[in-house]
Protein chains: 2
Amino acid sequence: MLNHKHDHDACIETALESAQKICEERETRFTPLRQRVLELVWSKHEPITAYEVLELLSKGQKKVAPPTVYRALDFLIAEGFVHRIESLNSFVGCSDPAHKHQGHFMICTKCRNVTEMNESSLHNVIENAAKENGYSYENSILEIAGVCENCRN
Amino acid sequence: MLNHKHDHDACIETALESAQKICEERETRFTPLRQRVLELVWSKHEPITAYEVLELLSKGQKKVAPPTVYRALDFLIAEGFVHRIESLNSFVGCSDPAHKHQGHFMICTKCRNVTEMNESSLHNVIENAAKENGYSYENSILEIAGVCENCRN
DNA sequence: GATGGCTTGATATTTTATTTCAATAAGGGC
DNA sequence: GCCCTTATTGAAATAAAATATCAAGCCATC
């Protein structure tokens with residue numbers, strides 16, 4: 001778990017406001033559905049699956065079908081508001097949506113909390129590794145499994 | 001594609017022999033099924049899906065069910081003979097089965113060929129990144145998408 | 001208020017992976 | 001060799017994750 005003092009409601013709100021603003025700048029449509037899905041993805045710091053989002057989304061309202069969720073997620077990923085965690089078939093809110101980038105993550109194998117690494121040095125190393133092996137660089141995923149500080153104590 | 005002169009039959013054979021030897025050392029059972037699945041995974045350098053293996057395996061003999069393939073793959077992965085490419089839901093033969101390690105890969109977005117990187121420097125950087133962020137290191141996946149040298153020419 | 005494009009709804013299907021229990025095969029101790 | 005235990009494979013069903021397709025709705029602009 002994150003720090004218990006962590007005000008997660010504020011965290012969600014910031015993410016939503018930030019996304020709202022970015023969409024206005026880009027003139028992309030941050031529809032109610034997309035807002036709601038982003039909110040649900042942010043509802044915990046742990047990665048959430050598309051079908052979990054589906055279930056939450058369907059609560060207390062007309063049920064939605066999988067494509068509805070996947071399309072919203074596709075949009076949010078394209079805008080950089082959400083990252084997909086490949087090793088978990090899950091999704092997490094991006095901690096730095098203003099700058100488009102790949103997700104490089106650490107995943108706690110105990111609490112399943114995810115921490116995003118935005119270190120440019122790491123990114124450079126990865127990009128260089130590709131070039132040294134004769135590949136042009138397009139994008140990359142890095143997912144490190146380990147145990148976070150809180151869980152080790 | 002890899003170098004056209006690449007003798008892929010020899011490549012498969014080496015992988016099988018190497019696996020055979022390692023299993024003898026470890027006293028694990030390299031059964032005919034597991035051998036056959038490893039051979040099929042190695043049948044191309046591109047990643048192969050479990051269901052593609054299933055189909056090849058079922059050719060000209062009694063059809064097998066998905067768990068048969070997945071169990072064989074689980075064994076091969078546990079022994080380090082095969083890696084899973086998370087971003088493609090696919091599997092590739094390991095180029096260095098003697099040393100257990102994570103797979104760090106580059107994936108060509110044109111020819112879909114996969115190159116495994118066994119650079120310890122890269123591994124060190126990743127392990128350090130985890131520690132700097134307060135995580136203990138267990139394992140990691142790195143999958144870089146780009147265009148390989150051959151495809152750029 | 002018609003047009004065209006994006007967005008969502010709805011249904012069906014595909015792809016990927018696992019659960020469960022039964023049958024078979026392999027190795028260890030006697 | 002024969003029994004016992006355990007590992008492996010077979011078989012059927014199901015679960016989980018994702019996509020294809022077409023219809024309906026919304027919205028901006030003319």
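Visitor: Which element gives the most to the surface near DNA strand D?

Guide: This is a predicted model. In it, α4(A) gives the most to that surface, with four residues.

Visitor: Which residues come nearest to DNA strand D?

Guide: A residue counts as near if one of its heavy atoms lies within 4 Å of the strand. Here 15 residues surround DNA strand D, and Tyr51(A), Tyr70(A), Arg84(A), Thr31(B) and Arg71(B) come nearest. By class, the surface has six nonpolar, three polar and six charged residues.

Visitor: What part of the atoms of DNA strand D within 4 Å of the protein belong to sugar or phosphate?

Guide: Sugar or phosphate accounts for 55% of them, and bases for the rest.

Visitor: Where does a polar side-chain atom of Arg84(A) lie?

Guide: It is 2.6 Å from a phosphate oxygen of DNA strand D. For Tyr70(A), a polar side-chain atom lies 2.8 Å from a phosphate oxygen of the strand, and for Thr31(B) the distance is 2.5 Å. Two or more residues near the strand come from each of α4 (66-79) of chain A, α2 (32-41) of chain B and α4 (66-79) of chain B.

Visitor: By what turn can chain A be laid on chain B?

Guide: Two copies of a chain are related by a rotation about an axis and a shift along it. In this model the turn is 180° and the shift along the axis 0.0 Å, with an RMSD of 0.1 Å. The two copies are therefore related as by a two-fold rotation axis. The same surface serves both copies, since 100% of the contact residues of chain A recur in chain B.

Visitor: Which residue of chain A comes closest to the rotation axis?

Guide: Leu142(A) does, with its C-alpha at 2.2 Å.

Notes:
Residues numbered from 1 in each chain as written. Chains lettered and ligands numbered in written order. Predicted model: local features only at pLDDT ≥ 70, side-chain atom pairs only at ≥ 80, totals over all residues. Heavy atoms only, no water. Least-squares fit on C-alpha atoms with pLDDT ≥ 70 in both. Contact = heavy atoms within 4.5 Å. Polar contact = N/O pair within 3.5 Å; in protein donor to acceptor, adjacent residues only side chain to side chain. Nonpolar A, V, L, I, M, F, W, Y, C, P; charged D, E, K, R; others polar.
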